[in-house]
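Open the model in a viewer and keep the residue selection panel at hand. The stops below say what to select next and what is there.

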Amino acid sequence: MNADKTPSNLTTRKLTLAYDGACVISELNLAIPAGQITVLVGANGCGKSTLLRGLARLLKPHSGTVYLDGKSIFKLSTKEVAKHLGILPQGPVAPEGLTVRELVAQGRYPHQGWLQQWSPEDERLTNQALITTDMIDLANRPLENLSGGQRQRAWIAMALAQDTQILLLDEPTTFLDLAHQIEVLDLLYDLNQSQGRTIIMVLHDLNQACRYADYLVAIAAGRIVASGKPDEVMTEEMIRQLFMLECRIVKDPVAGTPMCIPVGRKKSQLKQVETQR
């Protein structure tokens, strides 16, 4: 990220999002902390991905709005928004035969115009994104020949080449094995720490969310039920409210962050058997 850029502010005010008249997000007020990692958590269908699409200007509000640096994001041009904000949707697809370098180069399109095509700056930022994501040695390889973790790093590299201050990612670890999940999350953490990028992502794994988030947003039925630091939000009562699940919250022995241990039926049945004895 360019050194002269300061983190952008992204906020919502009474944001209501709907599909075919069915309300998904209702009058939501949210301020994303600039320069930090924010993670959205909640049960399936609670509105996490819908909110992310609204923040990225991919879904027009039913009412309310999203503000980027104090200006309604829906009054800004598409190119202007793309210079500040990049999004990686869940399960992105690319044309067959596209190489890693060709994909990453697409991140530079918002910065080009009719008179200004590919420039030395575009080349520099594309190479920088490939190096940052450790994809430079795979730059000429077709995407379909990569592992799942490598493909995800390639898509993140494209978002980096876009050179935005804000990155939004919808479940970036989906369909990845555990090692590749940590690889991707460590990469995003490093980007935040070394470049000060604001990162907003949806994660299903609560323990990973607590490890990597500076700011946690818990969503249920299209509303924010809690937000703040992970150790403030991740409580047994909150898990019960979000997932209707009994659990125990303990300290992660590695990271020191809250760790959720579900009780589950098997454990409950074992305790009943022990009591009967």
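## The open sheet

Four strands make up an open sheet, ordered β2-β1-β4-β5, with antiparallel pairing. The edges are held by β2 (22-32) and β5 (71-72), each with a single partner strand, so one side of each has no neighbour in the sheet. The model you are looking at is predicted.

Select β4, residues 63-68, together with β5: two bridges join them in the antiparallel sense. Opposite Y67 stands S72 in β5. Now add helix α1, residues 48-55, which packs on the sheet and touches β1 (10-19), β2 and β4. The direction of α1 makes about 120° with that of β1.

## The parallel strands

Select β7, residues 166-170, next. Is this strand buried or exposed? Five of its five residues are buried, so β7 is largely enclosed by the rest of the structure. In a regular strand, side chains alternate between the two faces of the sheet. Here I166, L168 and D170 point one way from β7, while L167 and L169 point the other way, and all are buried.

Extend the selection to β6, residues 85-88. Strands β6 and β7 run parallel and are joined by four bridges; L85 has I166 of β7 as its bridge partner. Then take β8, residues 198-202, which runs parallel to β7 and is joined to it by five bridges. L169 stands opposite M201 in β8.

With β7 and β8 still shown, add helix α6, residues 178-195. Together β7, α6 and β8 make a right-handed β-α-β unit.

## The nonpolar cores

Nonpolar side chains tend to be buried together in soluble globular proteins. The largest nonpolar core of this model has 49 residues. To find it, select V39, V100, I156, L169, L188, M201 and L216, the residues with the most contacts inside that core. Helix α5, residues 148-161, supplies the largest share of this core, eight residues.

Centre the view on V39. Which residues does V39 touch, leaving out those up to four places away in sequence? They are M201, L203, A209, A213, Y215, L216 and V217. Apart from the largest core lies another, of 27 residues, among them L10, I32, L40 and Y215.

## Helix α4 and its surroundings

Move to helix α4, residues 120-132, and pick T126 within the helix. T126 is buried, at a relative accessible area of 1%. Not counting residues up to four places away in sequence, T126 touches R101, V104, A105, R108, W118 and A161.

R108 leads to the next pair. Side chains of opposite charge can pair when their charged atoms come close. Select D122 and R108: they form a salt bridge in which the closest N and O atoms are 2.8 Å apart. D122 lies in helix α4 and R108 in the loop between α3 (100-105) and α4, so the pair ties together parts that are 14 residues apart in sequence. Both ends are buried: D122 has a relative accessible area of 2%, and R108 one of 4%.

A second salt bridge involving α4 joins R124 to E121, the closest N and O atoms being 2.9 Å apart. Both of these residues lie in helix α4, three residues apart, about one turn of the helix. R124 counts as partly exposed at 38% relative accessibility, and E121 is also partly exposed, at 33%.

## Helix α9

The last selection is helix α9, residues 236-243, which holds both R240 and E237, three residues apart, about one turn of the helix. Their side chains meet in a salt bridge, 2.6 Å from N to O. R240 is partly exposed, with a relative accessible area of 30%; E237 also counts as partly exposed, at 47%. Add E246 to the selection: E237, R240 and E246 are linked in a network of salt bridges.

How many salt bridges are counted? With a side-chain nitrogen of Lys or Arg required within 4 Å of a carboxyl oxygen of Asp or Glu, the count comes to seven salt bridges.

Key
Residues are numbered from 1 along each chain as its sequence is written. This is a predicted model: local features need pLDDT of at least 70, side-chain atom pairs count only at pLDDT 80 or more; totals for chains, interfaces and linings use all residues. Side-chain values use heavy atoms; hydrogens and water are left out. A nonpolar core is a set of buried Ala, Val, Leu, Ile, Met, Phe, Trp, Tyr and Cys residues joined through side-chain atoms within 4.5 Å. Buried means under 20% relative accessible area, exposed over 50%, partly exposed in between (1.4 Å probe, protein chains only). Contact means heavy atoms within 4.5 Å. Two strands pair if DSSP finds at least two bridges between them. A crossover is right-handed if, with the strands pointing away from the viewer, the path from the first strand over the helix to the second runs clockwise. Axes are lines fitted to C-alpha atoms, for helices over the stretch in contact, and angles run from 0 to 180 degrees between N-to-C directions.
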